[in-house]
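Take a look at the structure below. Then read on for a short tour of its parts.

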Protein chains: 2
Amino acid sequence: MSFTIKEASERLGCPAHTIRFYEKEGLLPYIKRDRHGNRLFEQDHLDWIRLMTCFRATGMKISLLKQMVNLALDGDATIPQRKAILNQYKEELFRRQNELAEALDAVNNKLAIYEEIEEGRLPSESRLLNQMEDRHNQPTKRE
Amino acid sequence: MSFTIKEASERLGCPAHTIRFYEKEGLLPYIKRDRHGNRLFEQDHLDWIRLMTCFRATGMKISLLKQMVNLALDGDATIPQRKAILNQYKEELFRRQNELAEALDAVNNKLAIYEEIEEGRLPSESRLLNQMEDRHNQPTKRE
DNA sequence: GCTTGCCTTAAAGTGTGCTTTAAGCCTTAA
DNA sequence: TTAAGGCTTAAAGCACACTTTAAGGCAAGC
């Protein structure tokens with residue numbers, strides 16, 4: 001069972017052009033062609049593209065994906081290197097989780113401040129932008 | 001107490017050029033200057049830049065930051081719009097958290113497979129790249 | 001036979017966010 | 001007084017990942 005690029009595109013929700021681009025970048029080695037030169041995708045290819053999409057969405061670079069492909073093509077002897085790459089990427093994922101948690105805190109804090117301003121418990125936006133505006137007409141301390 | 005761009009840069013761990021770029025983009029209104037035209041940053045500016053950096057690191061676009069600045073400059077009447085923006089961004093953060101969790105699952109799964117291959121419990125990398133290579137020399141089913 | 005539509009390729013273009021370069025001014029130390 | 005080093009600006013350049021364009025081939029339906 002093979003798929004045309006259109007079928008692959010539909011199943012993956014990924015533009016055909018992007019899939020071709022990935023192949024050109026070397027992320028999809030050994031894609032076969034029919035007698036007209038049209039690509040034929042196997043289920044495994046779709047699985048791999050889906051995995052790449054998942055990694056890409058979380059910041060893995062194409063160059064790193066390519067490294068992994070190249071290592072895989074060199075056989076099982078490169079598994080330690082591939083593990084090292086994935087473990088590093090995992091660290092990166094943890095870093096991003098922290099960043100997200102921090103941003104979420106900051107957003108909630110800001111939203112709480114807006115609530116307080118709306119309820120009149122805080123005098124306008126005392127900490128950030130509005131104060132800049134206020135200062136605009138005040139004397140400077142330095143210089 | 002004001003800071004030069006160099007001091008701001010050091011405190012924020014952010015290149016001076018980037019800070020200037022943010023000002024040019026309108027993200028830092030009302031930065032004052034000394035008599036030589038050099039920028040003078042207040043603590044509030046540093047706080048705001050730090051917050052922007054936090055939002056930027058988690059995917060908020062500069063155009064959206066600028067929208068928020070512009071709304072803030074228009075006064076408290078725009079707080080509902082700013083809340084709407086932040087709530088939307090919050091959704092985005094949740095989406096990203098899910099993506100990270102999925103990627104983390106996928107990585108762990110891949111690492112587990114590598115372990116099994118290393119221990120000989122799985123015949124090479126049966127699911128992805130190596131199989132592509134295998135297929136390379138087999139007849140096609142379609143066409 | 002001709003149009004429609006999907007396929008192919010290579011190459012150029014786009015969006016985003018910096019980052020670097022270039023040219024010049026001011027201050028300070030030698 | 002002159003050279004170094006930090007500031008200024010505007011503009012060009014870069015990295016990344018697509019995305020779009022252009023030019024053309026093949027096949028099925030009218």
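How many nonpolar, polar and charged residues does the surface near DNA strand C have? By class, there are five nonpolar, five polar and six charged residues. Keep in mind that this is a predicted model.

## Around DNA strand C

DNA strand C is surrounded by 16 residues. The closest are A:K6, A:R20, A:R39, B:H36 and B:R56. Of the atoms of DNA strand C that come within 4 Å of the protein, sugar and phosphate make up 79%.

Two elements each supply at least two residues of this surface: α1 (5–12) of chain A and α2 (16–24) of chain B. The most comes from α2(B), which gives four residues.

## Phosphate contacts on strand C

Start with A:R39. An N or O atom in the side chain of A:R39 is 2.5 Å from a phosphate oxygen of DNA strand C. Chain B also takes part. A polar side-chain atom of B:Y22 lies 3.0 Å from a phosphate oxygen of this strand. B:I62 uses its backbone instead: one of its backbone N or O atoms lies 3.3 Å from a phosphate oxygen of DNA strand C.

## Around DNA strand D

Now turn to the other strand. Around DNA strand D there are 16 residues. Those that come nearest are A:H36, A:R56, B:K6, B:R20 and B:R39. Sugar or phosphate holds 79% of the atoms of DNA strand D within 4 Å of the protein, and bases hold the rest. The surface near DNA strand D has five nonpolar, five polar and six charged residues.

Three contacts show how the protein meets DNA strand D. A backbone N or O atom of A:I62 lies 3.2 Å from a phosphate oxygen. A polar side-chain atom of B:R33 lies 3.1 Å from a phosphate oxygen. The side chain of B:N38 has an N or O atom 3.4 Å from a sugar or linking oxygen. Two or more residues of the surface near DNA strand D come from each of α2 (16–24) of chain A and α1 (5–12) of chain B. The most comes from α2(A), with four residues.

## Helix α3 of chain A

Does the length of this helix agree or disagree with what its 15 residues should span? Helix α3 of chain A covers residues 43–57. At 1.5 Å a residue, the helix should span 21 Å. Its end C-alpha atoms are 21 Å apart, so the two values agree.

Many residues of α3(A) are buried, among them A:L46, A:W48, A:I49, A:L51 and A:F55. A:C54 is also on that list. After α3(A) comes A:G59, whose phi is positive, near 95°.

## Cysteines

How many disulfides does the whole structure hold? The search finds zero over all chains. A:C54 has a relative accessible area of 17%, so it counts as buried, the cut-off being under 20%. B:C14 is buried too, at 11% relative accessibility.

## Aromatic pairs

There are four aromatic pairs over all chains. One of them joins A:F21 and A:Y22. Their ring centres are 5.9 Å apart and their planes lie at 45°, so the pair is tilted. A:F21 is partly exposed, at 36% relative accessibility. A:Y22 is buried, at 10%.

Chain B has a tilted pair as well, formed by B:F21 and B:Y22. Here the centres are 5.9 Å apart, with 45° between the planes. B:F21 is partly exposed, at 35% relative accessibility. B:Y22 is buried, with a relative accessible area of 10%. Recall that B:Y22 has a polar side-chain atom 3.0 Å from a phosphate oxygen of DNA strand C.

## Two tyrosines with positive phi

Where does A:Y30 lie in chain A? It sits in the loop between α2 and β1 (32–33). Phi of A:Y30 is near 60°, a positive value in a residue other than glycine. A:Y30 is partly exposed, with a relative accessible area of 28%.

B:Y30 lies in the loop between α2 and β1 (32–33) of chain B. B:Y30 is not a glycine, yet its phi is positive, about 60°. At 30% relative accessibility, B:Y30 is partly exposed.

Terms used
Residues are numbered from 1 along each chain as its sequence is written. Chains are lettered from A and ligands numbered from 1 in the order in which they are written. This is a predicted model: local features need pLDDT of at least 70, side-chain atom pairs count only at pLDDT 80 or more; totals for chains, interfaces and linings use all residues. Side-chain values use heavy atoms; hydrogens and water are left out. A residue is near a molecule or strand if one of its heavy atoms lies within 4 Å of it. A polar contact is a pair of N or O atoms within 3.5 Å; within protein, one must be able to donate a hydrogen and the other to accept it, and residues adjacent in sequence count only if both atoms are side-chain atoms. Ala, Val, Leu, Ile, Met, Phe, Trp, Tyr, Cys and Pro count as nonpolar, Asp, Glu, Lys and Arg as charged, and the others, Gly among them, as polar. The expected span of a helix is 1.5 Å times one less than its number of residues. Buried means under 20% relative accessible area, exposed over 50%, partly exposed in between (1.4 Å probe, protein chains only). A disulfide is a pair of cysteine sulfur atoms within 2.5 Å. Rings of Phe, Tyr and Trp (its six-membered ring) pair if their centres lie within 6.5 Å; planes under 30 degrees apart count as stacked, over 60 as edge-to-face and the rest as tilted.
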